[in-house]
Amino acid sequence: MQNIDNLAVNKSAATRYPVQDLISKRWSPLAFSERLVEQEKLLSVLEAGRWAASSYNEQPWSFIIATRDNQAEFELLLSCLAEGNQPWAKNAPVLMLSVAKLHFERNGVENRHAFHDVGAASAQMAIQATSLGLFIHQMAGFDVNKAIQVYNIPQGYQPAAAIALGYLGDPQTLNEKNLQRELSPRSRKPLESFVFSGSWNQPSLLITS
């Protein structure tokens, strides 16, 4: 059986340049332990999201939370996830939906940065979770319309992502397909493929020199 601690170590990013340890250690597991997340740790993760930067400090994020110690609420949020995500996400002790407010409070104008800012808050939450020995897996795979209906999300707001949060679990509990995903090496595009100068798709000399 795969050692859980070793799995976490092996998933640390092999970065090309030095980065903060919490960034290299953050990854998105599929195998979660059923161990409940302590309330103070969950609140600490949410507090990290609270202090993210946002356009005009509008803070256009909301988070709908369900924990497995309230089974009815948990099953409701789980039912919004895509069928492919439910078999592994059901083991996470915390599920969330991030929601973006689409217009500025200050003037009613469309906030085209809303999803960016929700993502920034979620990224800070993921780093804070890592510092507490927790892991976050963010998902695009969920039913947006069902989430809007189930939670009475009003017009002007849009669900952005689903989130599973918890402690690392045993990968051997996953089906074969997800087990292979869990054990596969992490990879990222090289900087040359997305850092440009002078013109689009022209790699910056900062990277290539």
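Helices (H or I, at least four residues) and strands (E, at least two) are DSSP runs, numbered from the N terminus. With that naming in hand, we can place asparagine 91 in the loop between α5 (86–89) and β2, and we will come back to this residue below.

## About the model

This is a predicted model, in which local features need pLDDT of at least 70 and side-chain atom pairs count only at pLDDT 80 or more, while totals for chains, interfaces and linings use all residues. Residues are numbered from 1 along each chain as its sequence is written, and side-chain values use heavy atoms, with hydrogens and water left out.

## The annotated domain

The UniProt record, an unreviewed entry, carries the annotation "domain: Nitroreductase" for residues 23–72 and 82–167. UniProt positions are given in the numbering used here, feature names are shortened, and annotations may be inferred rather than shown by experiment.

Residues 23–72 are 34% helix and 14% strand, with end C-alpha atoms 34 Å apart. For residues 82–167 the content is 34% helix and 27% strand, and the end C-alpha atoms lie 22 Å apart.

## Where α3 meets α6

Let us turn to a pair of helices. Helix α3 (residues 39–50) and helix α6 (residues 114–131) have axes that come within 7 Å and cross at roughly 145 degrees. Here axes are lines fitted to C-alpha atoms, for helices over the stretch in contact, and angles run from 0 to 180 degrees between N-to-C directions. The crossing of α3 and α6 is right-handed; a crossing is left-handed if the near helix is turned anticlockwise from the far one by less than a right angle, and right-handed if clockwise.

On the α3 side, the contact (heavy atoms within 4.5 Å) is made by Ser44, Val45, Leu46, Ala48 and Gly49, and on the α6 side by Ala121, Gln124, Met125, Gln128 and Ala129. These residues divide into six nonpolar, four polar and no charged. In this count Ala, Val, Leu, Ile, Met, Phe, Trp, Tyr, Cys and Pro are nonpolar, Asp, Glu, Lys and Arg are charged, and the others, Gly among them, are polar.

## A closer look at α6

The 18 residues of α6 should span 26 Å at 1.5 Å a residue, and the end C-alpha atoms are indeed 26 Å apart, which agrees. The expected span is 1.5 Å times one less than the number of residues in the helix. After α6 comes glycine 133, whose phi is positive, near 80 degrees.

Several residues of α6 are buried, including Ala114, Asp117, Val118, Ala121, Met125 and Ala129. Buried means under 20% relative accessible area, exposed over 50%, and partly exposed in between (1.4 Å probe, protein chains only). The cover over the buried residues of α6 includes α2 (21–25), α3, β1 (61–67), β2 (94–101), β3 (135–139) and β4 (157–166).

## Three buried residues

Leucine 42 belongs to helix α3 and is buried, at a relative accessible area of 11%. Leaving aside residues up to four places away in sequence, leucine 42 touches Val37, Thr67, Val94 and Leu165. Asparagine 91, our loop residue, is buried too, with a relative accessible area of 18%. With the neighbours up to four places away in sequence again not counted, asparagine 91 touches Phe32, Ser33, Glu34 and Arg68.

Glycine 166 sits in strand β4 and counts as buried at 0% relative accessibility. Its C-alpha lies 9.7 Å from that of proline 29, although glycine 166 and proline 29 are 137 residues apart in sequence. Beyond four places in sequence, glycine 166 touches Phe32, Val37, Pro93, Leu134 and Phe135.

## Residues with more exposure

Strand β4 also holds glutamine 158, which is partly exposed, with a relative accessible area of 27%. The C-alpha atoms of glutamine 158 and leucine 102 are separated by 7.1 Å, with their places 56 residues apart along the chain. Not counting residues up to four places away in sequence, the contacts of glutamine 158 are Ser98, Val99, Ala100, Leu102, Phe115, Val144 and Ile148.

The loop between α3 and β1 contains tyrosine 56 and glutamine 59. Tyrosine 56 has a phi near 55 degrees, a positive value in a residue other than glycine, and is exposed, with a relative accessible area of 57%. Glutamine 59 has a positive phi near 50 degrees and is likewise not a glycine; this residue is partly exposed, at 34%.
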